[in-house]
Amino acid sequence: QNRVLVLSQALAMAKEISSLAKGWLLFYNAALSAGWLVVLVQLVQHLVKTNGQYAGAYEAVALPLQIFQTAAVLEVVHAAIGIVPSSAAVTFVQVLSRVVVLWPVLHYTPGVSDSFGPALMIMCWAVTEVIRYAFY
């Protein structure tokens, strides 16, 4: 009888953790979808205001881009603790590649952010992430 009680308590605890994890993931995905939407809207506003000039596009979206791209590091944690079925190693490489492009390249390399490539990349990231996070 004690084993049955312990097993039922363990199952109840697992369900509680599962509900907590689902709630967290719902919040996380909604927040990141909304955050990437802010990046997208600010980028489009910059392009409209400047008649399509991509120079200054990074600066126009820098803060929300830094926040929401860096927040993706939590996806590695999610995979590592098992609340999502992804591989932590694969997720780490994917997130690291974007964080490296964001911080050492865009943020700390003078002049690179005023070229066409970063503006296009940010647009692609934003469109993709609004959809991806909303889907999950």
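A quick term before you start clicking: a residue is buried under 20% relative accessible area, exposed over 50%, and partly exposed in between, using a 1.4 Å probe and protein chains only. Keep in mind that this is a predicted model, where local features need pLDDT of at least 70, side-chain atom pairs count only at pLDDT 80 or more, and totals for chains, interfaces and linings use all residues. Residues are numbered from 1 along each chain as its sequence is written, and side-chain values use heavy atoms, with hydrogens and water left out.

**Stop one: R132 and its partners**

Select R132. R132 is partly exposed because its relative accessible area is 26%. Now add E75, whose side chain meets R132 in a salt bridge (3.2 Å, N to O). A salt bridge here is a side-chain nitrogen of Lys or Arg within 4 Å of a carboxyl oxygen of Asp or Glu. This pair ties together distant parts of the chain, with R132 in helix α5, E75 in helix α3, and their positions 57 residues apart. Helices are DSSP runs (H or I, at least four residues), numbered from the N terminus. Is E75 buried or exposed? It counts as buried, since its relative accessible area is 14%.

Next, click E129. R132 forms a salt bridge with E129 as well, and the closest N and O atoms are 2.6 Å apart. Both lie in helix α5, 3 residues apart, or about one turn of the helix. E129 is buried because its relative accessible area is 4%.

Add R98 to your selection: its side chain and that of E129 meet in a salt bridge at 2.4 Å, N to O. Here too the pair links distant parts of the chain, with E129 in helix α5 and R98 in helix α4 (residues 88–107), 31 residues apart. Show E75, R98, E129 and R132 together and you have a network of salt bridges.

**Stop two: two helices crossing**

Select α2 (residues 57–70) and α5 (residues 116–135). How do their axes meet? They come within 11 Å and cross at roughly 40 degrees. That makes α2 oblique to α5; oblique covers angles that are not under 35 degrees (roughly parallel), over 145 (roughly antiparallel) or 65 to 115 (roughly perpendicular).

**Stop three: a nonpolar patch**

Finally, select W24, F27, L74, V77 and I81, which make a nonpolar surface patch of about 480 Å². Patch residues have over 30% relative accessible area and no salt bridge, and nonpolar side chains are joined within 5 Å. Helix α3 gives the most, with 3 residues. W24 lies in helix α1 and, at 35% relative accessibility, counts as partly exposed.

Definitions and conventions: Patch = residues over 30% accessible without salt bridge, like charges linked within 9 Å, V, L, I, M, F, W, Y side chains within 5 Å. Areas by Shrake-Rupley, 256 points an atom, 1.4 Å probe, with all protein chains shown as cover. Axes fitted to C-alpha atoms, helices over the stretch in contact; angles between N-to-C directions.
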